[in-house]
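Reader: I'm new to this. Could you walk me through a structure, one feature at a time?

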Amino acid sequence: MSVQKRKTCDHIEIRGAKVHNLKNIDLDIPLHQIVGIAGVSGSGKSSLALGILYAEGSRRYLESLSTYTRRRMTQASQAAVDEILYVPAALALRQRPAIPGIRSTFGTATELLNSLRLLVSRCAHHVCPNGHVVEPSLAVAAGQELICPVCHTHFMAPSAEELAFNSQGACSHCHGTGKVQSVDLKTLIPNEDLSIDEGAVAPWNSLMWSLMKDVCREMGVRTDIPFKELSKKEKEIVYFGKPVKKHILYQPKNSDTVTPLDFTYYSAVHTVENALAKVKDEKGMKRVEKFLKEEDCPACHGTRLSDAARAPKCAGLSLDEICQMSLADALKWVHHVPSTLPEEMRPMAWRIVESFESVARRLMDLGLGYLSLDRASNTLSTGERQRMQLARAVRNRTTGVLYVLDEPSIGLHPSNAKGLAGVMDDLVQDGNSVIVVDHDTGILKKTDWIVEMGPQAGSQGGQVIAQGTPEALCQNPNSIIGPFLKTESQIQRKDNTNLFDQGTITLSTNAIHTVKPLEVRIPKGKLSVVSGVSGSGKTTLILESLVPALEASLKKLPLPDHVKRIEALGISHIKLIDASPIGINVRSTVATYANVHDELRKIFAKQTKDYKAGDFSYNTGKLRCPVCDGTGQIALDVQFLADVQIPCPECHGSRYSKQAETIRYHDLSLPQLMAMDIDTALKHCQDLKKVQERLEILSQLGLGYLTLAEQTPSLSGGEAQRLKLASEMKKAQHDSIFVFDEPTIGLHPLDVQVLMKIFASLIQQGATVIVIEHDLDVIRQADYVIDMGPGGGQEGGRIVACGTPEQIKNASESITGKYL
Ligand code: ADP
Ligand code: ADP
Ligand code: ZN
Ligand code: ZN
């Protein structure tokens, strides 16, 4: 038999790639290495990485699967490329992983809980049906019954399955969610200065008939004096009074006749409970939700586990107690378990410990050691979830797979960059290839090869402007990222004597999660950055405390439970600008979101007698395409496959009917204008003042490459954030605070400079800017830094240092300071 020599190849060959803005490019990408893809926003990085490499890799992967599996995945269509050779099966780790379900925890998602359940099932002291404790023995591992030495009962120890809260081990009261909902008394009477007649009882206003006030009066409560002046007994009736029938005289509006009626009294609490029981849809839930709070389940104390599942104790701890420890502590504990067991059980125990340890170490390297295993996955940040996925990819020990990582630097403190590099190295060691799309120079420096897209965005980009090792790129005059790889920016020396000259925002909080009680001062009219490693408490301080407390105090509502005090004299507007997607509906476009479309409709309506502005709406107007109903796409019903969306064959995605083409302003139709990118549209709208103003702002924010008709749900996180900012720019005044959550996501170092200019202009207009950020360039340019930490979880939750960037650099306890 002749051995056929298999053609091996060390690179992927791409020929004639044309996806989105890619300019028919030819490119070879090395395999079995870490390849970075760099370039300004909109230059075509994702089009190359996801649109070509991942799309082709996953399509081929899918083709190798059975139809059964394929039907359950969205169909990947063939990428617009002439030829692509040697592309391995691909897996993508997306920038924004899907939000996990309520039964997912850090422990289940990392599969660490599997090892722990096995460990507890096999190695714990179990409890016999008569309540006696039975020493650990190899019997469990052998699948045999245990025999109680006291009462001689034979019984089976709970299996790993019976210890699972997703299955037989679930607490029956909360069904393994660990949470129950109850009425939040604090929300029922938001303003005690009002009388009941004036609408003091909020649930009666939104969930009940208004005549509940009259019934309440019949209950013996005075309804015409401020609620706070009622007696204790009266208040008791309002909150909790029994549902008794009362006779009232009812006078319908616009009527003189008075009808006697019998009505059952619904106390404020009962009103909410009744509404909750009857809720039918999302909208109804929204109305009830604001009167509810979620609490730990009283039966299992939030552990999700049944009494039986919490009974076995392994080296002194029950499964729920183990899961409450941080991963770092759990790892130490697991290590000591074998030594507590009889000699003959130890090899078995060690095997379980090792499988736990290999995953745990990886997660620790990625800076997640502060998370406890029982932490609900839906409370993790996107960065934490993405790193969790990464660790899982390494654990699976695949080989020959192409991993496409989309901005893994999100939420990653510079001190964890090494852990990330370690994971990428391990993937390559196992025979995989890694493509990493990122702007973070710390990460790009750790790659073996960089492909740089550009030179600019949209139609001005889509080409490979440079490629080579990071060192080579530093020397390459065509490279835009090169200089940023070579040198780092410097701390801007700032005068700190009049940092608080425009006023101070003060916040004082009690302990929450692992965050300690805090006293925070933030200068008004300045750029403040909140820094610190992942899990140190940044989100808790700003998004869970400062923002809701300010919003509540502006609306005169009760402060969040853990907030003691907030003072923000002269502030009347607070706006959080985050990177969450805009809309879920294909009908939201850049032009509609930026209020440009409305203006354009009016202009075009003026060019004709036959149509009004409303007719130009592609949602409802007469001029929308009749085939796709104005969505620009139609669903192709391919048998056996999930729906495939294709551009509408009638309007080619323009969303408009042929008639709309005939109505022109300066020779352009509205569909033609909508198909332009913002910078091009600007040139055609010079004499339309309002349109021009709005487009100008978008262009200044570096979004000039987006087309007006682009759907907002498909914008990247960074693009969505800047689009939101555009609609808020005008409100920047002395009374406004802008809060940004990692605004550098998706931004090239050049764009970070643009962002800094935007911050500067917000501040010049008098606004206060507060930014949660890891990016060292941003921190270096801040007026004031609040550094949280020193570590994550129990090791963090304090303000380690605050002051100018220079003061942070010199603060010995600050981890951030070491990198400045
Ligand atoms: P980057 O990842 O470098 O930010 P992208 O590859 O996302 O850039 O985008 C490159 C260009 O392709 C941009 O002009 C963008 O507007 C356009 N583009 C991206 N996604 C789509 C899409 N789904 N449909 C049409 N154009 C798109
Ligand atoms: P950062 O934003 O700096 O990454 P966070 O404020 O998100 O930090 O987290 C601070 C600490 O609080 C961490 O130990 C985190 O695990 C914990 N934590 C945050 N949110 C929750 C939550 N919803 N439930 C329990 N613990 C939480
Ligand atoms: Zn429970
Ligand atoms: Zn159409």
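Author: Sure, starting with contact: two residues are in contact if their C-beta atoms, placed from the backbone, lie within 7 Å. Before we use that, this is a predicted model, where local features need pLDDT of at least 70, side-chain atom pairs count only at pLDDT 80 or more, and totals for chains, interfaces and linings use all residues. Residues are numbered from 1 along each chain as its sequence is written, while chains are lettered from A and ligands numbered from 1 in the order in which they are written.

Reader: Okay, so which residues is Leu 53 in contact with, leaving aside its neighbours within four places in sequence?

Author: Leu 48, Val 87, Ala 90, Leu 402, Val 404 and Ile 435.

Reader: And what is a nonpolar core?

Author: The general idea is that in soluble globular proteins, nonpolar side chains tend to be buried together. A residue is buried if 20 or more other C-beta atoms lie within 10 Å of its own, exposed if 12 or fewer, and partly exposed in between. A nonpolar core is then a set of buried Ala, Val, Leu, Ile, Met, Phe, Trp, Tyr and Cys residues joined through C-beta atoms within 7 Å. Here the largest nonpolar core has 190 residues, and Leu 53, Val 404 and Ile 435 touch the most other members. There's also a second, separate core of 21 residues, including Val 183 and Phe 227.

Reader: How do I read a helix?

Author: Helices (H or I, at least four residues) and strands (E, at least two) are DSSP runs, numbered from the N terminus. The expected span of a helix is 1.5 Å times one less than its number of residues. Take α15, residues 417–429: its 13 residues should span 18 Å, and its end C-alpha atoms are 18 Å apart, which agrees.

Reader: Which residues of α15 are buried?

Author: Ala 417, Gly 419, Leu 420, Val 423, Met 424 and Leu 427. Seen down the axis, they fall within an arc of 165 degrees (taken from the directions from the helix axis to the C-beta atoms), so they line one face of α15. They pack against several elements, among them β3 (34–38), α13 (346–365) and β15 (433–437).

Reader: What about sheets?

Author: Two strands pair if DSSP finds at least two bridges between them. One open sheet of 3 strands here has the order β2-β1-β4, with antiparallel pairing. Its edge strands, β2 (25–30) and β4 (81–85), each pair on one side only. Strand β1 (residues 11–17) pairs with β4 over 4 bridges, and Arg 15 has Glu 83 in β4 as its bridge partner.

Reader: Where should I look for unusual backbone?

Author: Most residues other than glycine have a negative phi, and most peptide bonds are trans. Asp 629 isn't a glycine, but has a positive phi of about 60 degrees. Asp 629 sits in the loop between α21 (596–606) and β23 (633–636).

Reader: Is Asp 629 exposed or partly exposed?

Author: Partly exposed, because 15 other C-beta atoms are within 10 Å. His 666 also has a positive phi, about 50 degrees, but His 666 is exposed, with 12 other C-beta atoms within 10 Å.

Reader: Which peptide bonds are cis?

Author: One is from Gly 454 to Pro 455, with omega near 0 degrees; Pro 455 lies in the loop between β16 (449–454) and β17 (463–468). Another runs from Gly 789 to Pro 790, and Pro 790 is in the loop between β29 (784–789) and β30 (798–803).
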